[in-house]
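Here are a few notes to help you find your way around this structure. Take them in order, with the view open beside you.

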Protein chains: 2
Amino acid sequence: MTQRRTSIPIRIGRVTVGGNAPVVVQSMTKTDTRDILATINQIQELEECGCEIVRVAVPDKEAVEAIPAIKREASLPLIADIHFDYRLALAALQAGIDGLRINPGNIRDREQTAKIVAAAREKEIPIRIGVNAGSLPVNFEPDAPLAERMVNMALEQTRFMENLNFNLIKVSLKAFDVPTTVQAYQMIADKIPYPLHLGITEAGLPRAGAIRSAIGLGILLYQGIGDTIRVSLSAHPCEEVFVAYEILKTLGLRQRGATLVSCPSCGRAEVDIVALAEAVDKHLQKITNPIKVAVMGCVVNGPGEATDADVGIACGKGKGAIFRKGKVVSTVKEENFLEALKTEIDSLSLDWRGLARW
Amino acid sequence: MTQRRTSIPIRIGRVTVGGNAPVVVQSMTKTDTRDILATINQIQELEECGCEIVRVAVPDKEAVEAIPAIKREASLPLIADIHFDYRLALAALQAGIDGLRINPGNIRDREQTAKIVAAAREKEIPIRIGVNAGSLPVNFEPDAPLAERMVNMALEQTRFMENLNFNLIKVSLKAFDVPTTVQAYQMIADKIPYPLHLGITEAGLPRAGAIRSAIGLGILLYQGIGDTIRVSLSAHPCEEVFVAYEILKTLGLRQRGATLVSCPSCGRAEVDIVALAEAVDKHLQKITNPIKVAVMGCVVNGPGEATDADVGIACGKGKGAIFRKGKVVSTVKEENFLEALKTEIDSLSLDWRGLARW
């Protein structure tokens, strides 16, 4: 993996984005922001599933008016998502928001943008310049390739803000097309010193959208690009957070909860590996420690992978070998596979809790 | 994207792997190979979902004996997966298999390997040198980093086969750890001229395993590395094929079926976007043409993305604008969103079928 790109850190509430801070996971509420209780509840759910910064849509005056009440109850830093009307950005700043996202494709007036920047500078609130392929003005560099248009739109806005002596900036360049998105972030990475917020926009339903997001964000993070990520899925926002952490865990950038290694099963397997893996995975949902559990169907890779895992099973005909950190601790009958693994997992978790206390 | 790495093409039955051939999608049956009917049925399912080459585990003599009957009924090229016993490889070649996969970590005897190579050369059947991190002999370069050990194991076997005047070779270097896997393939890419088979081994259940596979395979394919892919998931093999195509489609390397662009929804949405996206996705399952359909919650990116799509909807309060290739074709009431989209999708599909006939 390439060494992480250097960026000037900013603070969204108590969370640092950029610099040496871990890559931050964010999401967005899908409730009506004006429905204060529903929005607070969803922010609570998001915090529980590991989200670190939450964005709320602020489409009108009523939504702005909900911000103080949401801020009072929500423990996550709150970003207001603003389009079209600069006055909503000003009002959101007044209402105590921790960060602003404005879309330079949707607020084109320089004077209006200058007013937002002046207010944000006074309150020391960062602004994300959130460019989106779907909302680029059609008359903006119409002949240039899409990635270049996105980058130039962001650079234009960045320079405008810098000239106003404002540098609490974060930038995103989202498109649905993954190669376009990757190219755009690569192009801007060494042109500006600000943190980059990564995302594949409108990635769709979780089954395909997680794959698209994983490829786009994976390629960029592997190249050391990206300081915070938001996975956009047509689903409950906690699914976005799950996918975000799986991406970061896969690249060793964050840890969160258990990891299940399990074989795909084949004509060699003597037991129902898929059912066993699903049952173990269900048990692992409540584990918060970063343990690695292996469920293997046979001896081909079984012991090898199980050795690498904290806990594992290599299944054979009617019986299986339970491994713990590379050592066989027991041989169990097929009817006891799941219980034996659960016991090992729970005992390992206890060890972790014990260690955590020290 | 980097230009694709050059490789010497090989043929697995009627399917070309490497050279300028499209990246080939393969999977593996999870039935007991000795259960001929179940295995044939699963191969049939795999062909229907788009699989292009299928591998079957051949763990014993009975499994070998099933090969001729499976070959007779199965229309996909068939690869035998062999571990430990070189005689099974010889027997599989005799039984008419289209390709062999042997694991150099599990057949270490040079004379045995030479016998397999001689028989494969005679029948002009390609062999995959399938290295797996979990089955590397512990005494093989124990002090080297894992990726290097995997690469050196593959190179040792490759040179051995070359010395026997055999070059119908394909190589894989699979580990669960994605950065290790990526590094291994990158290291071997310019050391050998053979096609590379990509995979993340034991990637787990679909929800997390698809993400791990997408990152690993995505990074490599983006760098032009990879001639065939197999996604390993603890699930029905058609799920592996689905994920494989989504990875390839995301990078523009293959086309298959419709693509749904849908927004994640937020406090700005006036309709239930997730439910609408799910209903549209269900309808798209039967579409085989590579059309792009957009379901957007509001006007922020809606028209922009809908313009880019073949068919799209940008929803507003109680009504939505249906787009077709960049033009509004109608405005529909909320209760008619789904039907209107379905009609557009079906009519577009008809156009495609019409075009296909010409």
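**Notes on the sheets, helices and chain copies**

1. A good place to start is a hairpin-like stop along chain A's list of strands: strand 13 (residues 311-315) of chain A and strand 14 (residues 319-324) of chain A are paired antiparallel, with five bridges between them. Within this pair, Ile313(A) has Ile322(A) of strand 14 opposite it. Please keep in mind throughout that this is a predicted model.

2. Now widen the view to the sheet around that pair. It is an open sheet of five strands in chain A, in the order 11-12-13-14-15, and its pairing is mixed. Strand 11 (259-262) and strand 15 (327-333) of chain A each have a single partner strand, so one side of each has no neighbour in the sheet. On average, and with direction ignored, neighbouring strands here are turned by 20° against each other.

3. What lies across this sheet? Helix 9 (residues 273-284) of chain A lies across strand 11, strand 12 (292-296) and strand 13 of chain A. The helix runs at about 165° to strand 12 of chain A.

4. Chain A has another open sheet for you to trace, built from eight strands in the order 8-7-6-5-4-3-10-9, with parallel pairing. Its edges are strand 8 (169-174) and strand 9 (197-198) of chain A, each of which pairs on one side only.

5. For a detail inside the eight-stranded sheet, look at strand 6 (residues 99-102) and strand 7 (residues 127-132) of chain A, which pair in the parallel sense over three bridges. Arg101(A) has Arg128(A), in strand 7 of chain A, as its bridge partner. Helix 8 (residues 237-250) of chain A packs on this sheet and touches strand 3 (24-28) and strand 10 (228-230) of chain A. The direction of helix 8 makes about 160° with that of strand 3 of chain A.

6. Turning to chain B, how do helix 1 and helix 8 pack? Helix 1 (residues 36-48) of chain B and helix 8 (residues 237-250) of chain B have axes 9 Å apart, at an angle of about 20°. Angles under 35 degrees count as roughly parallel, so helix 1 of chain B is roughly parallel to helix 8 of chain B. Their crossing is right-handed.

7. The residues that meet in this packing are Gln42(B), Glu45(B) and Leu46(B) from helix 1 of chain B, and Pro237(B), Cys238(B) and Val241(B) from helix 8 of chain B. By class, the contact has four nonpolar, one polar and one charged residues.

8. A second helix pair in chain B is worth a visit. Helix 2 (residues 61-73) and helix 3 (residues 86-94) of chain B cross at roughly 15°, and their axes come within 9 Å. That makes helix 2 of chain B roughly parallel to helix 3 of chain B, and the crossing is right-handed. Lys61(B), Val64(B) and Ile67(B) of helix 2 make the contact with Leu88(B), Ala91(B) and Ala92(B) of helix 3 of chain B. This contact divides into five nonpolar, no polar and one charged residues.

9. Finally, how are the two chains related? A turn of 180° and a shift of 0.0 Å along the axis lay chain B on chain A with an RMSD of 0.0 Å. This is the relation of a two-fold axis. The same surface serves both copies, as 99% of the contact residues of chain B recur in chain A.

Notes: Residues are numbered from 1 along each chain as its sequence is written. Chains are lettered from A and ligands numbered from 1 in the order in which they are written. This is a predicted model: local features need pLDDT of at least 70, side-chain atom pairs count only at pLDDT 80 or more; totals for chains, interfaces and linings use all residues. Side-chain values use heavy atoms; hydrogens and water are left out. Axes are lines fitted to C-alpha atoms, for helices over the stretch in contact, and angles run from 0 to 180 degrees between N-to-C directions. Helices (H or I, at least four residues) and strands (E, at least two) are DSSP runs, numbered from the N terminus. Angles under 35 degrees count as roughly parallel, over 145 as roughly antiparallel, 65 to 115 as roughly perpendicular and the rest as oblique. A crossing is left-handed if the near helix is turned anticlockwise from the far one by less than a right angle, and right-handed if clockwise. Contact means heavy atoms within 4.5 Å. Ala, Val, Leu, Ile, Met, Phe, Trp, Tyr, Cys and Pro count as nonpolar, Asp, Glu, Lys and Arg as charged, and the others, Gly among them, as polar. Copies are superposed by least squares on the C-alpha atoms of residues with pLDDT of at least 70 in both. Two strands pair if DSSP finds at least two bridges between them.
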